[in-house]
Amino acid sequence: MCGKVEALRTSDFLEVDAEGKRVRRRTEVQQPKGNFERSVYAKGFPDEEPTLQKRLEAFFAKYGRTNVVRMRRTDDKTFKNSVFAEFADFATVDAFLKADPKPTFEGKELLIMSKQDYCEMKIKEKGLTGKSANHRREVMSSGRGFNAFREMARAKSASAQNKNGPSAPGEKKDVYLEFMGTKLLIQQNEGVGSVKSEDVPFVKGATLRFQGCGGDVPWSEIKNPIKEKFEGRAPYIKYTREEDSGLVGFHKALTEEEIQIVKDTIKTLNSKEIIWSLPDETTEKAFQIERAQNAAKSALDATFGGSNGRGRGRGRGRGGSRGRGGRGGGRDGGGRGRGGRGAGGREGREARDGKAKEPGSEEVGEKRKRAVEPDGGPDVGVRGKQAPPVLQSAAKKAKVEGEAAS
């Protein structure tokens with residue numbers, strides 16, 4: 001032991017106390033600089049198998065030294081066939097992005113861009129502005145996991161606000177949600193957001209029903225193809241596990257041509273041929289009200305951090321009277337993240353990739369109902385983890401509807 005202590009005393013990085021029992025750094029930990037700017041996004045890699053991570057690292061190493069190559073995943077840990085790679089210096093980033101011919105992986109050309117450009121692309125796709133756009137940039141630049149520097153900055157900001165004095169007791173700011181082209185005032189009841197059902201607009205023809213899937217459909221089989229055909233706008237999907245049908249909600253009424261596009265784009269689900277149709281008016285009205293209620297709850301959670309639990313609710317919580325939630329947000333009520341260990345139920349799974357649960361609690365053992373809200377909710381995601389909707393006080397109005405990443 002004495003030999004180790006003496007060796008540490010010669011370190012330029014660490015120092016040991018006089019008794020040789022305590023060790024600490026000689027310099028304060030510094031926040032890494034430029035890692036976001038030194039990162040690139042690349043998509044087009046094959047599905048995951050045991051050797052893929054090493055092959056990816058070897059691929060990027062051809063252009064220069066890397067600090068890390070992160071395989072991007074969905075919430076169920078499926079590889080998204082894309083990565084974020086952080087290079088050690090800016091020159092390597094430039095060399096990679098300007099490579100001629102363009103980088104290919106095992107013969108397949110890749111979609112590449114800087115991580116910063118990727119972030120701005122997703123913000124534009126989701127229609128985020130103001131605080132929501134800034135929040136998205138913060139999440140993308142620092143990651144969704146624990147970040148000590150970020151937490152210290154938040155604590156410092158909260159301390160400064162407390163010094164300026166608390167808000168007036170009982171003071172509430174009006175918060176609005178833009179849903180299907182209509183601005184709705186969010187009702188605030190003990191921190192839970194909702195809207196008046198009679199205020200929710202009915203947009204006929206903005207919903208399609210699919211039937212014949214045979215149960216347990218992978219979400220990506222529905223979300224990704226539709227998102228690609230509708231300018232990056234992910235749909236809201238309501239689907240009861242093990243059932244043979246579900247509903248898909250869009251951001252507008254569909255034309256006959258757009259309905260045919262959906263039919264031609266998704267002919268099978270779960271390897272089974274399906275039938276697309278328009279639901280009856282009563283079903284569609286109830287579905288759109290449900291979407292709006294999910295949106296309002298997630299939006300208020302995203303604005304004020306939620307009232308039940310440690311953070312923002314993931315859409316609306318997990319299972320029955322207990323469970324965890326996550327970050328709220330996302331168009332028409334998606335949202336993803338962590339928090340909310342309290343009342344609620346799992347009402348909004350994976351809203352980064354848009355999964356959200358139908359309102360209502362369930363007993364253990366019942367079928368789990370799931371629905372997909374537009375990206376949110378990422379990935380991210382992070383998805384996705386994810387940026388909250390654009391909300392505002394009555395003094396400044398902004399859109400909420402818009403939010404995942406692929």
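The protein chain holds 9 helices and 19 strands in this predicted model. Of its 406 residues, 46% count as buried. The accessible surface of the protein chain comes to about 21000 Å², and carbon and sulfur atoms account for 48% of that area. A search of the whole structure for disulfides finds 0. Cysteines can nevertheless be found in the interior: cysteine 119 is buried, with a relative accessible area of 1%, and cysteine 213 is buried as well, with a value of 0%.

Aromatic rings are a good next stop. The whole structure contains 18 aromatic pairs. One of them joins phenylalanine 45 and phenylalanine 60, whose ring centres are 6.3 Å apart and whose planes make an angle of 55 degrees, a tilted arrangement. This pair links distant parts of the chain, 15 residues apart: phenylalanine 45 belongs to the loop between strand 3 (39-43) and helix 2 (52-61), and phenylalanine 60 to helix 2. Phenylalanine 45 has a relative accessible area of 3%, so it counts as buried, the limit being under 20%. Phenylalanine 60, at 0%, is buried too.

Another tilted pair is made by phenylalanine 230 and phenylalanine 250, with 5.2 Å from centre to centre and 50 degrees between the planes. Phenylalanine 230 sits in the loop between helix 7 (220-229) and strand 14 (236-240), while phenylalanine 250 sits in the loop between strand 15 (245-249) and helix 8 (256-265), so the pair ties together parts of the chain that are 20 residues apart in sequence. Both phenylalanine 230 and phenylalanine 250 are buried.

Ring pairs can also join up into a group. Phe45, Phe59, Phe60, Tyr63, Phe87, Phe96 and Phe105 are linked in this way into a cluster. Rings have charged partners as well: lysine 115 lies over the face of phenylalanine 84, at 4.5 Å from the ring centre, and lysine 285 lies over the face of phenylalanine 202, at 5.3 Å from the ring centre.

Helix 2 brings several members of the aromatic cluster back into view. Its buried residues are Leu52, Leu56, Phe59 and Phe60. They cover an arc of only 90 degrees around the axis, which means that they lie on the same side of helix 2. The spacing along the sequence helps to make sense of this. An α-helix has 3.6 residues a turn, so residues three or four places apart point the same way. The buried residues of helix 2 pack against strand 3, strand 4 (66-73), strand 5 (79-87), helix 3 (90-97) and strand 6 (104-105).

Which residues of helix 8 are buried? They are Glu258, Ile259 and Val262. Their arc around the axis is only 105 degrees, so they share the same side of helix 8. The face turned away from this buried side carries the exposed residues Glu256 and Glu257. Among the elements that cover the buried residues of helix 8 are strand 13 (207-211) and strand 18 (275-277).

Single residues also show how the fold brings separate stretches of sequence together. Threonine 240, in strand 14, is buried with a relative accessible area of 10%. Threonine 240 and aspartate 216 are 24 residues apart in sequence, and their C-alpha atoms are 8.3 Å apart in space. Arginine 137 is found in helix 5 (residues 130-142) and is partly exposed, with a relative accessible area of 29%. Arginine 137 and glutamine 116 are separated by 21 residues in sequence and by 8.4 Å in space, C-alpha to C-alpha. Leaving aside neighbours within four places in sequence, arginine 137 is in contact with Cys119, Glu120 and Ile123; of these, cysteine 119 is the buried cysteine met above.

Finally, the backbone has some details worth a look. A cis peptide bond, with omega at about 5 degrees, joins aspartate 100 and proline 101. Proline 101 lies in the loop between helix 3 and strand 6. Asparagine 81 is not a glycine, yet its phi is positive, at about 65 degrees; this residue is found in strand 5. Serine 271 likewise has a positive phi of about 65 degrees although it is not a glycine. Serine 271 lies in the loop between strand 16 (268-269) and strand 17 (272-273). Is serine 271 buried or exposed? Its relative accessibility is 74%, so serine 271 counts as exposed, the limit for that being over 50%.

Conventions
Residues numbered from 1 in each chain as written. Predicted model: local features only at pLDDT ≥ 70, side-chain atom pairs only at ≥ 80, totals over all residues. Heavy atoms only, no water. Helix = DSSP H or I, 4+ residues; strand = E, 2+ residues; numbered from the N terminus. Buried < 20%, exposed > 50% of the residue type's maximum accessible area, 1.4 Å probe, protein only. Areas by Shrake-Rupley, 256 points an atom, 1.4 Å probe, with all protein chains shown as cover. Disulfide = S-S within 2.5 Å. Phe/Tyr/Trp six-rings, centres within 6.5 Å; stacked < 30°, edge-to-face > 60°. Lys NZ or Arg CZ within 6 Å of the ring centre and 35° of its normal. Arc of directions from axis to C-beta. Contact = heavy atoms within 4.5 Å.
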